[in-house]
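Take a look at the model below. We start with a strand and its neighbours, then turn to a pair of helices.

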Amino acid sequence: MKSTISIYIISIGLLMLSCDDRNTATLAPEYLYDAGNQKVIKSIINNKKGTIAMLYGNDLALESASDSLPEPNIGAHFTLITWKQKPMPQWYGTKMNGEIYSIEHLKVVQRNETRFAFEYDFQTGKGDQPGEDRPDKEQRIAFITSQHAAVFP
Amino acid sequence: MKKPGLTFYRGAAIMVVVIFLGLQISSPPIENPPVTSEIAVPAEVKQILERACYDCHSNEAKVEWFDKIAPASFLVGHDIEEARSRFNFSEWDKNPAGVQELLLWQMVNAIEQGKMPLKRYQLAHPGGKVSESELAVLKKYVNTLPGRHKVDTALIVAQTSSIEKVSAQKTPVSLNGIPYSEDYKNWKIISVTDKFDGGSMRIVYGNDIMVKAIEKRELPFPDGARIVKVVWGKQAEDKDGNVLPGNFQNAQFMIKDSKKYSTTEGWGFAKFDGLDLKPAGKTILFEQTCANCHRLLAPENDFVFNIPTK
């Protein structure tokens, strides 16, 4: 009899715990990206691709984007993180970043007589589906280096 | 001879009746003030609002006989008073246009999450439920509101020298004592969003305590956690589908201190508008407006919307 009662109490306790679990959100630290010491340049939404992105850069990159110099600084290092969009769970009417789709690094290495030399690297994240088109490198370099920094107070 | 127990029960019964009658006399009358500016929405939307929301959120409450009996009448009176203070469809123009839109999106969210109409209201008024198809009608409607498609076409304004002078002289402080601080520019990003109502895009920063808590999946968030959300308008979409930030709109702060901010669920709220960072709100009550929505819609997230969750 006593054991039946204890089983009852334990199972009720477990039931309450499991109810509690359902009422607490599951945090997803895997959606975070650590850009190290790089600073925020801006965010970019793309509804055609269903993505949302953050452009970061080192001081030279931020300066290039802020002053909108006609040419990027040698030594500028940009990082563009692109996530798949997902609906915000608590608010119908907001899209937010979900799984990381891609990580792009762009370094302005040096300048030849006629043109800049860039190092460009494209890595895929968990949100990437195999078989999806890879972006054209030259287009991406042009896109990233043409971005102006968002205005901050 | 009478049994003493019976006298006790009779006495108790008389007491109950007296209390019950007394409650009826002191029961608050539920009054309908005049309708001054009723909300104007398409007929199919109006019909849903009238049936499911108007009993509390308007000056046209249709109170049933059982709502007037105490102690229920006290609860009904309280609910109506609270509901009208949040928003009142009969005095709709009291809200600025932007707030009207935000309220409509908030309603859709409260209904979608099953928070509204209140469960106790639905129990007493079975017709008060909003069906899936009706919710779809409301969603379709809010997506037609101007803020949903707002594009920031103005020339992007950066810091002007006069603004720089002002902000160098003094730090803006919110009415609840929270100062604006630039620390967040060295924090990590915890989320990036595209908000439909009002047409804005946001970057959300978290301090070390906040980021570590997310990494350790620690909920509720510890005291000392800080969040700053920076908001911009959206420029027109380019041919490739890219939407870039337009003008800076505001910066919103949330600071966790479970004791200091116990009346707003442990979070201190502040908002600084425009490049001159004017603290938002006319009175300290502004923080309750923030807390009300966070409390209603994001309790399972420790009242924070913009965090990465599964």
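This is a predicted model. Begin in chain A, where the side chains of strand β2(A) alternate. Thr51(A), Ala53(A), Leu55(A) and Gly57(A) point one way, Ile52(A), Met54(A) and Tyr56(A) point the other way, and all are buried. The strand covers residues 51–57 of chain A, and 7 of its 7 residues are buried. So β2(A) counts as mostly covered, with buried meaning under 20% relative accessible area.

What does β2(A) pair with? One partner is β1(A), residues 39–46, in the antiparallel sense over 7 bridges. Within this pairing, Asn46(A) has Thr51(A) as its bridge partner. The two strands form a hairpin, with 4 residues between them. Gly50(A) sits in the turn and has a positive phi of about 65°.

Strand β3(A), residues 77–87, also pairs with β2(A). Again the sense is antiparallel, over 7 bridges. Here Leu55(A) of β2(A) stands opposite Leu80(A) in β3(A).

Now move to chain B. Two packed helices are described by the angle between their axes and the distance between the axes. Helix α5(B) spans residues 97–112 and helix α10(B) residues 286–297. They pack at an angle of about 25°, with their axes 10 Å apart. That angle makes α5(B) roughly parallel to α10(B), because angles under 35 degrees count as roughly parallel.

Which residues meet in this contact? From α5(B) come Gln106(B), Asn109(B) and Ala110(B); from α10(B), Cys293(B), Leu296(B) and Leu297(B). These contact residues divide into 4 nonpolar, 2 polar and no charged.

Methods: Residues are numbered from 1 along each chain as its sequence is written. Chains are lettered from A and ligands numbered from 1 in the order in which they are written. This is a predicted model: local features need pLDDT of at least 70, side-chain atom pairs count only at pLDDT 80 or more; totals for chains, interfaces and linings use all residues. Side-chain values use heavy atoms; hydrogens and water are left out. Axes are lines fitted to C-alpha atoms, for helices over the stretch in contact, and angles run from 0 to 180 degrees between N-to-C directions. Angles under 35 degrees count as roughly parallel, over 145 as roughly antiparallel, 65 to 115 as roughly perpendicular and the rest as oblique. Contact means heavy atoms within 4.5 Å. Ala, Val, Leu, Ile, Met, Phe, Trp, Tyr, Cys and Pro count as nonpolar, Asp, Glu, Lys and Arg as charged, and the others, Gly among them, as polar. Buried means under 20% relative accessible area, exposed over 50%, partly exposed in between (1.4 Å probe, protein chains only). Two strands pair if DSSP finds at least two bridges between them.
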